[in-house]
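User: I should like to go through this protein step by step. Please let me see the sequence and the structure before we begin.

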Amino acid sequence: MGIRFLANLQAKALLRRSTFPASQTAPNVVQVPKGYLAVYVGESKKKRFLVPISYLNQPLFQELLHKAEEEFGYSHPMGGLTIPCREDTFLNLTSILNGL
């Protein structure tokens, strides 16, 4: 249990969540730093995460992208890439990717 908690802390440190809720509109959008990609994750309430672009080469992350393509096509309601999974599932996956 302690290892899983530590992995979640590492994932949260690696993933930088923006300071604004996903529902906030364009004038207050936080800029995405070079080398990162903004994604929205969650079932009902979406949260914005900044993930390293190196994740795009990882098969586990590519599976999430494929799910996003199946569900949303190229029309993402949040204005950015929306990944259809629970936040805890996303954090677990990214903690695995962090260890690779």
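User: Which residues of the largest nonpolar core touch the most other members?

Analyst: A nonpolar core is a set of buried Ala, Val, Leu, Ile, Met, Phe, Trp, Tyr and Cys residues joined through side-chain atoms within 4.5 Å. Buried means under 20% relative accessible area, exposed over 50%, and partly exposed in between (1.4 Å probe, protein chains only). Of the 13 residues in the largest such core, those that touch the most other members are Val-39, Val-41, Phe-61, Leu-64, Ile-83 and Phe-90.

User: Which element gives the most residues to this core?

Analyst: Helices (H or I, at least four residues) and strands (E, at least two) are DSSP runs, numbered from the N terminus. At least two core residues come from each of β2 (36–41), β3 (47–52), α2 (59–72) and α3 (87–99). With 4 residues, the element that gives the most is α3.

User: In what pattern do the helices and strands follow one another along the sequence?

Analyst: This is a predicted model, in which local features need pLDDT of at least 70 and side-chain atom pairs 80 or more, while totals for chains, interfaces and linings use all residues. Residues are numbered from 1 along each chain as its sequence is written, and side-chain values use heavy atoms, without hydrogens and water. The protein chain has 3 helices and 4 strands. Read along the sequence, their pattern is α-β-β-β-α-β-α.

User: Is Leu-100 buried or exposed?

Analyst: Leu-100 lies in the segment after α3. Its relative accessible area is 69%, and therefore Leu-100 is exposed.
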